[in-house]
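User: I am a first-year student and would like a close look at a single part of this structure. Could you walk me through the link between two cysteines and what lies around that part?

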Amino acid sequence: QVQLAESGGGLVQAGGSLRLSCAASGLTFESYDMGWLRQAPGKEREFVARLTWTNRTSYGDSVKGRFTASRDNAKNTVYLQMNSTKPEDTAVYFCAAGRLAGRTSGWDYWGQGTQVTVSS
């Protein structure tokens, strides 16, 4: 059974930093692309970052230059380092795993999400 478990969410002041983690189990982690997506109340799910199985990264325009995604295949874990946070970063952040996923669709597995709130 595949499980993705996010952690590290919480409340941060604007301009501050937060680090999210996602621990994966039940899948051949190193062969999957891993993604971070987010959803704010009343808004569509938004692509945040992708780390391919070849360790290439891509980011959504709204987080580029502020967020950094990384993966540790030895620990079956992906991370999202969030710097220079803004109130508009407030959302539930999801970890996802997939092999042929697009930016927001086609992911095979999802975590339960972790809430990030950025206060102004």
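Analyst:
**The disulfide and its surroundings**

Cysteine 22 and cysteine 95 form a disulfide, with their sulfur atoms 2.1 Å apart. Please keep in mind that this is a predicted model. A disulfide is a covalent bond between the sulfur atoms of two cysteines. In this model the count comes to one disulfide. The angle about the S-S bond is -75 degrees, and the link of cysteine 22 and cysteine 95 is left-handed.

Where do the two partners sit? Cysteine 22 lies in strand 3 and cysteine 95 in strand 9, so the pair ties together parts that are 73 residues apart in sequence. Are they buried or exposed? Both cysteine 22 and cysteine 95 are buried.

Now let us look at the core. In soluble globular proteins, nonpolar side chains tend to be buried together. Here the largest nonpolar core has 28 residues, and those with the most contacts inside it include Leu20, Trp36, Leu80, Met82 and Tyr93. Strand 3 (18-25) and strand 9 (91-98) are among the elements that give two or more residues to this core, and so are strand 7 and strand 8.

Leucine 20 is a good residue to click on next. Setting aside neighbours within four places in sequence, leucine 20 is in contact with Trp36, Leu80, Met82 and Tyr93, among others. Its contacts also include Ser7, Gly8 and Gly9, as well as Thr114 and Val116.

Strand 3 also belongs to a sheet. Strands of a sheet pair through backbone hydrogen bonds, either parallel or antiparallel. This one is an open sheet of four strands in the order 1-3-8-7, and its pairing is antiparallel. Strand 1 (3-7) and strand 7 (67-72) are the edge strands, each pairing on one side only. From one strand to the next, the twist averages 15 degrees.

At one edge, strand 7 pairs with strand 8 (residues 77-82) in the antiparallel sense over six bridges. To find your way there, look for serine 70, which stands opposite tyrosine 79 in strand 8.

One last stop is arginine 66, in the loop between strand 6 (57-59) and strand 7. Arginine 66 is buried, with a relative accessible area of 11%, because buried here means under 20%. A polar atom of the arginine 66 side chain lies 2.9 Å from the backbone oxygen of serine 84. Beyond neighbours within four places in sequence, the contacts of arginine 66 include Gln81, Met82, Asn83 and Asp89. Met82 is also one of the residues in contact with leucine 20.

Technical notes. Residues are numbered from 1 along each chain as its sequence is written. This is a predicted model: local features need pLDDT of at least 70, side-chain atom pairs count only at pLDDT 80 or more; totals for chains, interfaces and linings use all residues. Side-chain values use heavy atoms; hydrogens and water are left out. Two strands pair if DSSP finds at least two bridges between them. Axes are lines fitted to C-alpha atoms, for helices over the stretch in contact, and angles run from 0 to 180 degrees between N-to-C directions. A nonpolar core is a set of buried Ala, Val, Leu, Ile, Met, Phe, Trp, Tyr and Cys residues joined through side-chain atoms within 4.5 Å. Buried means under 20% relative accessible area, exposed over 50%, partly exposed in between (1.4 Å probe, protein chains only). Contact means heavy atoms within 4.5 Å. A disulfide is a pair of cysteine sulfur atoms within 2.5 Å. A polar contact is a pair of N or O atoms within 3.5 Å; within protein, one must be able to donate a hydrogen and the other to accept it, and residues adjacent in sequence count only if both atoms are side-chain atoms.
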